[in-house]
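Student: I've got a model open and I keep tripping over the labels people put on it. Can we go through them one at a time?

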Amino acid sequence: MAASSDPARPRGDPDLKGRLGEKISVLFRIEGDPDHPYSEVVGLLQRVAVSESGARTLAVCRRDGSVVEVAETDVIRLKFVPIRSGGPFRAPSSWRID
């Protein structure tokens, strides 16, 4: 993500909402385990929420259907993953309605 002059959004991308539904990989800080201070989530960008104070939260839907919410201020690295070539988009099995 491009750097921003706003310290509240050090890696802010002004148009993440325009990228909803794209596959994303997010490395982010976590608290409570000094031996493992980071985690990563890979999935589809489902939602970008903005609080009253302007802080953004990214909701990433994993293949199993679980959703991980990450505060943008905790993001270390964010990368959009290109959809593999040679085939159509496959929705996760957890999205199917039986």
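**Labels and what backs them**

Tutor: Sure: the protein chain has zero helices and five strands, where helices (H or I, at least four residues) and strands (E, at least two) are DSSP runs, numbered from the N terminus. This is a predicted model, where local features need pLDDT of at least 70, side-chain atom pairs count only at pLDDT 80 or more, and totals for chains, interfaces and linings use all residues. Residues are numbered from 1 along each chain as its sequence is written, and side-chain values use heavy atoms, with hydrogens and water left out.

Student: Where is serine 25 found?

Tutor: In strand E1, residues 23-29.

Student: Why does serine 25 count as buried?

Tutor: Buried means under 20% relative accessible area, exposed over 50%, partly exposed in between (1.4 Å probe, protein chains only). Serine 25 has 5% relative accessibility, so serine 25 counts as buried.

Student: What makes the pairing of the serine 25 and glutamate 40 side chains a polar contact?

Tutor: The definition asks for a pair of N or O atoms within 3.5 Å; within protein, one must be able to donate a hydrogen and the other to accept it, and residues adjacent in sequence count only if both atoms are side-chain atoms. These two side chains make theirs at 2.6 Å.

Student: Which residues does serine 25 touch, beyond those up to four places away in sequence?

Tutor: Contact means heavy atoms within 4.5 Å. On that basis serine 25 touches Glu40, Val41, Val42, Arg77, Leu78, Lys79 and Val81.

Student: How much of the protein chain counts as buried?

Tutor: Of its 98 residues, 24%.
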